[in-house]
Amino acid sequence: WRAFFSLYVLISFVLMAVTGLVLFATPPGRVANWSEWRFAGLTKEQWQAIHTTFTLFFLVAASFHLYYNWNILLSYLRNRMRQVMPRKREMAQRRRC
């Protein structure tokens, strides 16, 4: 499941980015409606629906991805903290001159 949700997160993110770029380039709402704007055969509302759907898919898949990789993430963060602060006890003590 770990690999499935990792791939699912990647695919949904890419599709979210593509639909976001298309929506960024579209004319404002009324102008798109009046001019019957279309890109790749889809209207602005259809692009918005696709974007919203893949955003929901992304959030669900990212939640499962975090669930299945939680221990790995915590282990990674602990190891990084040990590398960043290897001498916590020595740093906490006061120096006497």
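Accessible areas are obtained by the Shrake-Rupley method with a 1.4 Å probe. By this method, the protein exposes about 8400 Å², of which carbon and sulfur atoms supply 64%. The structure is a predicted model. Its mean pLDDT is 85, and 86% of the residues reach 70 or more. Among the elements, helix H3 has the highest mean pLDDT, 93, whereas helix H5 (residues 88–92) has the lowest, 61. Where pLDDT is low, the predicted coordinates should not be read in detail.

The secondary structure comprises 5 helices and 0 strands, and from the N terminus on the elements follow the order α-α-α-α-α. Of the 97 residues in the protein, 15% are buried. Among contacts between residues at least 6 apart in sequence, 62% join residues at least 24 apart.

The largest nonpolar core consists of 5 residues, namely Val 22, Leu 23, Ala 32, Trp 37 and Trp 47. When neighbours within four places in sequence are left aside, Trp 37 is in contact with three other members of this core, Val 22, Ala 32 and Trp 47. The contacts of Trp 37 also include Thr 26, Pro 27, Leu 42, Thr 43 and Lys 44.

A nonpolar patch is found on the surface, formed by Trp 1, Phe 4, Tyr 8, Leu 56, Phe 57, Val 60, Phe 64, Tyr 67 and Tyr 68. Together, these residues have about 960 Å² of accessible area. Helix H1 (2–25) and helix H3 each supply at least two residues of the patch, and H3 gives the most, with 6 residues. One of the patch residues, Val 60, is found in helix H3. Val 60 has a relative accessible area of 41% and is therefore classed as partly exposed, because this value lies between the limits of 20% and 50%. The value for Val 60 is also compatible with membership of the patch, because patch residues must have over 30% relative accessible area.

Two residues in the loop between helix H2 (29–34) and helix H3 (44–68) were examined for their backbone geometry. Glu 36 has a positive phi of about 50°, although it is not a glycine. Ala 40, likewise not a glycine, has a positive phi of about 55°. Glu 36 has a relative accessible area of 64% and is therefore exposed. Ala 40, with a relative accessible area of 66%, is also exposed, because the class begins over 50%.

Notes. Residues numbered from 1 in each chain as written. Predicted model: local features only at pLDDT ≥ 70, side-chain atom pairs only at ≥ 80, totals over all residues. Heavy atoms only, no water. Helix = DSSP H or I, 4+ residues; strand = E, 2+ residues; numbered from the N terminus. Buried < 20%, exposed > 50% of the residue type's maximum accessible area, 1.4 Å probe, protein only. Patch = residues over 30% accessible without salt bridge, like charges linked within 9 Å, V, L, I, M, F, W, Y side chains within 5 Å. Salt bridge = Lys/Arg side-chain N within 4 Å of Asp/Glu carboxyl O. pLDDT = per-residue confidence, 0-100. Core = buried A, V, L, I, M, F, W, Y, C linked by side-chain atoms within 4.5 Å. Contact = heavy atoms within 4.5 Å.
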